[in-house]
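Dear colleague,

Please find below the structure that I agreed to pass on to you. My notes on it follow directly after.

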Amino acid sequence: MSRLILFNKPFNVLSQFTDKGSEASDRETLSNYINIPDVYAAGRLDRDSEGLLLLTDDGRLQAKISHPKNKMSKSYWVQVEGRPSDAQLDQLRNGVVLKDGVTRSAKIMRIKEPEGLWPRTPPVRFRKSVPDSWLQITISEGRNRQVRRMTAAVGCPTLRLIRYRIGTWTIDGLQNGNWREEEVPEMPDPRADFRPRNKPAPNRKVRKPRHKSKPT
């Protein structure tokens, strides 16, 4: 049975267990919160982003979650600067031109600030003269800092980014900085011969046995 860890990552925490960067070595990593051997992050979440990070000890499950070809959808709560217009939201929905190409279509909706949202440390810096608002953005690709680049491209820079959902897993009931373990069924061997149910087996010609003539 594979192990799957759901972690609500705080702001300023690296999505890895060791800090091999050139910056100060006092940066927090996953090892400050999770003491489970042989699990690794399935995908990543930027240091300045918060929310759901999945970890597993199963390489196939890790690939299924993180590989771009699987197009596993992810939903984010995004606090942006300004109040985006309908035209700006349509831009996000239909695809935004970034340096690495046009983004796939996305699901965008205005939301209120999520209930029970934990305070960020340090707090978000606001401009008193500019309002802010919240969006829920759902994408099915994972380019580097994609959501931030998308909102900036339509003139609404991201102030705070929280990943709420990956596939069917969410941070519901999971406090920031906490984790829980969930069991997942064994993944089938992709090399195994699989025949869908209710699909008849291919017709095969059955050879009739040859009957020897009886002696007279």
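Ser49 is buried in this predicted model, as its relative accessible area is 1% and a residue counts as buried under 20%. Ser49 belongs to the loop between β2 (40-41) and β3. Setting aside neighbours within four places in sequence, Ser49 touches Lys9, Pro10, Phe11, Arg148 and Leu161.

One of these contacts, Arg148, is also among the buried residues of helix α3, together with Gln146, Val147, Met150 and Thr151. The buried residues of α3 pack against β4 (74-81), α2, β5 (97-98), β8 and β9. Just after this helix, Gly155 adopts a positive phi of about 90°.

Helix α2 may be read in a similar way. Which residues of α2 (residues 86-94) are buried? They are Gln88, Leu89 and Leu92. Viewed down the axis of α2, these buried residues fall within an arc of 100°, and therefore they line one face of the helix. A general rule is helpful here: an α-helix has 3.6 residues a turn, so residues three or four places apart point the same way. On the other side of α2, the exposed residues are Asp86, Ala87 and Asn94. The partners against which the buried residues of α2 pack are β7 (107-111), β8 (132-139) and α3 (146-153). Gly95, just after α2, has a positive phi of about 120°.

I turn next to strand β1. Seven of the eight residues of β1 are buried, and the strand is thus described as mostly covered. β1 pairs with two strands that I would ask you to examine. With β11 (residues 179-184), β1 runs antiparallel and is joined by six bridges; Phe7 has Trp179 as its bridge partner in β11. With β3, the pairing is likewise antiparallel, over six bridges, and Ile5 stands opposite Leu55 of β3.

Which residues have the most contacts inside the largest nonpolar core? This core has 19 residues, and the residues in question are Leu4, Leu54, Ile65 and Trp169. At least two core residues come from each of β1 (2-9), β3 (50-56), α1 (59-66) and β9 (158-166). The element that gives the most to this core is β9, with three residues. Leu54 shows how such a residue is surrounded: apart from neighbours within four places in sequence, Leu54 is in contact with Leu4, Ile5, Leu6, Tyr40, Ala41, Ala42, Ile65, Ile166 and Trp169. There is also a second, separate core of 17 residues, which includes Tyr76, Leu89, Leu92 and Leu135. Two of those names, Leu89 and Leu92, are already familiar from the buried residues of α2.

Finally, I would draw your attention to Ile162, which lies in strand β9. Ile162 counts as buried because its relative accessibility is 0%. Beyond its neighbours within four places in sequence, the contacts of Ile162 are Glu50, Gly51, Ser75, Tyr76, Trp77, Leu117, Trp118, Trp134 and Ile171. Ile162 and Val78 are 84 residues apart along the chain, while their C-alpha atoms are separated by 6.4 Å.

When you open the model, I suggest beginning with Ser49 in its loop and then following α3, α2, β1 and the cores in the order given above.

Yours sincerely,
A colleague

Methods
Residues numbered from 1 in each chain as written. Predicted model: local features only at pLDDT ≥ 70, side-chain atom pairs only at ≥ 80, totals over all residues. Heavy atoms only, no water. Core = buried A, V, L, I, M, F, W, Y, C linked by side-chain atoms within 4.5 Å. Buried < 20%, exposed > 50% of the residue type's maximum accessible area, 1.4 Å probe, protein only. Helix = DSSP H or I, 4+ residues; strand = E, 2+ residues; numbered from the N terminus. Contact = heavy atoms within 4.5 Å. Arc of directions from axis to C-beta. Pairing = 2+ DSSP bridges.
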